[in-house]
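Q: I've got a model open on my screen and I'd like to learn how to read it. Can we go through it together?

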Amino acid sequence: MAVTTPTRPAPAARPARPARSSFAPLNFWRSTIGKKTVMAVTGLLMLAFLLAHMLGNLKIFYGRDDFDHYADWLRTIGEPVLHGAWYLWIQRFVLTLAVVLHAVSAYQLSRRDLKARPAKYAHKQRAKAGYAVHVMRYGGITLALFIIYHILDFTSLTLNRHGVEGAAYDNVVSSFSVWWVTAIYILAMIFLGLHIQHGFWSAAQTLGLNRPSRDRAVHGIATGLAVLLTVGFLIVPVAVLAGLVG
Amino acid sequence: MKLTLRIWRQAGPADSGRMVAYEVPDANPDMSFLELLDVLNERLTLEGDDPVTFDHDCREGICGACGVVINGQAHGPRERTTTCQLHMREFSDGDVIDVEPWRSVAFGVVKDLMVDRSGLDRIIRAGGYVSVNTGSAPEAHATPVPKPIADTAFDNATCIGCGACVAACPNGSAMLFTSAKVTHLNSLPQGAPERSERVLNLVEAMDAEGFGGCTNTGECTNACPKGIPLDSIATLNREYLRASLGRK
Ligand code: HEM
Ligand code: SF4
Ligand code: FES
């Protein structure tokens with residue numbers, strides 16, 4: 001009879017791990033929870049910047065002079081303590097660092113996660129999680145590409161049709177008058193909204209701030225921020241394309 | 001009831017494995033899922049076939065040995081129910097039921113539906129205990145514990161280490177399991193002296209086993225037969241951050 005007693009497999013070779021370092025931040029960065037915390041902090045930092053950025057963009061509705069003056073002023077924040085445009089460069093440095101740390105952590109964690117579950121079930125799992133959860137990775141990659149495109153469009157002006165430094169208003173109008181540029185922005189901002197909808201709650205969870213009693217509030221704020229940012233950012237390109245600004 | 005079972009058959013860790021269909025014409029709605037496998041195995045044995053290997057022990061939902069994935073759901077369709085406590089009345093006559101082992105790189109298949117969950121044991125060994133001298137039990141009222149904290153600790157202590165959370169997670173993450181241990185022991189005064197070391201050691205052991213990270217999808221808590229909540233993962237994250245910042 002073919003009854004066999006299963007023998008224990010030899011313990012699978014476990015991934016080699018560096019011994020615990022005496023430098024605590026290094027252990028933190030090497031751990032899954034540590035990297036996730038880095039993502040939460042950098043994500044919230046980017047979120048704060050995006051809120052200010054979105055509100056600032058709305059000044060375009062006050063007209064060319066007002067908007068260009070505002071764009072000029074951005075270069076003088078911190079004066080006279082800081083030299084001209086220093087604040088701007090500090091902010092650019094911090095944001096770049098945030099994007100890089102966020103993306104590197106996302107990449108490393110995602111690789112680990114995909115490796116941890118190589119075999120799928122023959123019977124498809126019925127996922128309970130919503131759409132926003134499933135598009136974090138693709139949405140994140142979309143946002144990374146969008147950030148590069150956006151900088152080439154309005155910061156370096158490389159791709160901008162008007163492309164005159166200091167003429168922020170006309171630069172904006174020249175880009176968004178083209179329908180497919182506006183289409184790219186619409187798509188990217190929808191991904192941004194989805195990313196924030198899951199990301200905000202997720203960051204609160206990662207930082208250990210969630211409690212059952214706060215769950216509804218945190219979900220509500222996440223949805224509120226997602227809608228606010230998506231709509232707030234999209235008003236400008238849509239208004240330009242519709243001929244309301246120009 | 002007449003049922004068709006499609007079961008994952010794999011001769012050993014080195015075999016690549018496949019789904020094999022078996023008819024069970026004489027299933028009874030009052031059988032547990034494991035009893036159904038027993039009936040099938042008796043027949044396979046009489047026919048000279050290799051019976052289906054599956055893990056089990058208590059058959060009353062407390063040991064955590066019996067988990068399999070039934071129709072894509074860890075422990076099957078009934079909420080907060082282990083495979084051994086699942087009864088065939090949850091299914092209908094004529095159903096085709098897919099039965100598969102837990103899938104995770106950290107849980108190798110031993111044979112058929114049985115996986116090696118010793119990774120969870122090694123996590124426990126790294127800190128899932130309090131270091132007290134054993135002996136006669138201490139006076140129960142010597143260490144007062146506020147009721148809400150006792151409840152939280154108790155709820156988390158009900159984790160049976162079955163690994164359904166890992167099996168259900170798209171990242172094969174053991175965060176829910178580890179968070180249950182940390183929440184259970186770190187919220188009690190008895191666990192306080194080792195609070196920081198415990199969480200650092202448990203997370204290090206968890207990562208070393210090759211489990212994935214948490215992306216907050218919530219599949220684990222839906223699959224958990226003991227209803228360990230996502231809140232425990234927030235507690236684990238909080239405890240880990242606190243310990244990493246050097247707090248004792
Ligand atoms: C470089 C582009 C980006 C990439 C590649 C990226 C990728 C990701 C990925 C893969 C996750 C993890 C999702 C999960 O755990 O399932 C995530 C989380 C998150 N992202 Fe991004 N993202 C990017 C840009 C942004 C931006 C611009 C924001 C600002 C609003 C942001 C905010 C967040 C937040 C708050 C989280 C949650 C962190 C946590 O769970 O602890 N991300 N991102
Ligand atoms: S947390 Fe739940 S699903 Fe995970 S091992 Fe414990 S009892 Fe099983
Ligand atoms: S056999 Fe013990 S929990 Fe199912």
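**A shared site and an interface**

A: Sure, and let's start with the ligand: residues from both chains A and B surround ligand 1, so its site is shared between chains. Keep in mind that this is a predicted model.

Q: Which residues come nearest to ligand 1?
A: The shell holds 22 residues, and the nearest are Lys36(A), His102(A), His195(A), Ser202(A) and Thr206(A).

Q: What do the polar side-chain atoms of Lys36(A), His195(A) and Thr206(A) lie close to on the ligand?
A: Take them one by one. Lys36(A) puts a polar side-chain atom 2.4 Å from an oxygen atom of ligand 1. For Thr206(A), the distance from a polar side-chain atom to a ligand oxygen is 2.7 Å. His195(A) has a nitrogen atom of the ligand as its partner, at 2.8 Å.

Q: Which elements give two or more residues to that shell?
A: In chain A they are helix 2 (32-57), helix 4 (86-116), helix 6 (136-154) and helix 8 (179-206). Helix 2 of chain A gives the most, with 7 residues.

Q: How do the shell residues divide by class?
A: Around ligand 1 you'll find 12 nonpolar, 8 polar and 2 charged residues.

Q: Now the two chains. How do I read the size of an interface?
A: People often quote the accessible area that is lost when the parts come together. Here, chain B and chain A bury about 4500 Å² between them, with carbon and sulfur atoms giving 53% of that. In terms of residues, 60 from chain B are in contact with 50 from chain A.

Q: How many salt bridges and polar contacts are there across it?
A: The rule finds 3 salt bridges between chain B and chain A. One you can look up is Glu204(B) with Arg20(A), where the side chains meet at 3.1 Å, N to O. As for polar contacts, 25 residue pairs are counted between the chains, both residues at pLDDT 80 or more.

Q: Which elements of chain B give two or more residues to the side that touches chain A?
A: Strand 5 (96-100) and strand 6 (109-111) are on the list, along with helix 4 (164-168), helix 6 (195-208), helix 7 (219-223) and helix 8 (231-244) of chain B. Helix 8 of chain B gives the most, with 9 residues.

Q: And what classes of residue make up that side of chain B?
A: The side of chain B that touches chain A has 27 nonpolar, 19 polar and 14 charged residues.

Notes. Residues are numbered from 1 along each chain as its sequence is written. Chains are lettered from A and ligands numbered from 1 in the order in which they are written. This is a predicted model: local features need pLDDT of at least 70, side-chain atom pairs count only at pLDDT 80 or more; totals for chains, interfaces and linings use all residues. Side-chain values use heavy atoms; hydrogens and water are left out. Contact means heavy atoms within 4.5 Å. Buried area is the accessible area (1.4 Å probe) that two parts lose on being put together, summed over both. A salt bridge is a side-chain nitrogen of Lys or Arg within 4 Å of a carboxyl oxygen of Asp or Glu. A polar contact is a pair of N or O atoms within 3.5 Å; within protein, one must be able to donate a hydrogen and the other to accept it, and residues adjacent in sequence count only if both atoms are side-chain atoms. Helices (H or I, at least four residues) and strands (E, at least two) are DSSP runs, numbered from the N terminus. Ala, Val, Leu, Ile, Met, Phe, Trp, Tyr, Cys and Pro count as nonpolar, Asp, Glu, Lys and Arg as charged, and the others, Gly among them, as polar. A residue is near a molecule or strand if one of its heavy atoms lies within 4 Å of it.
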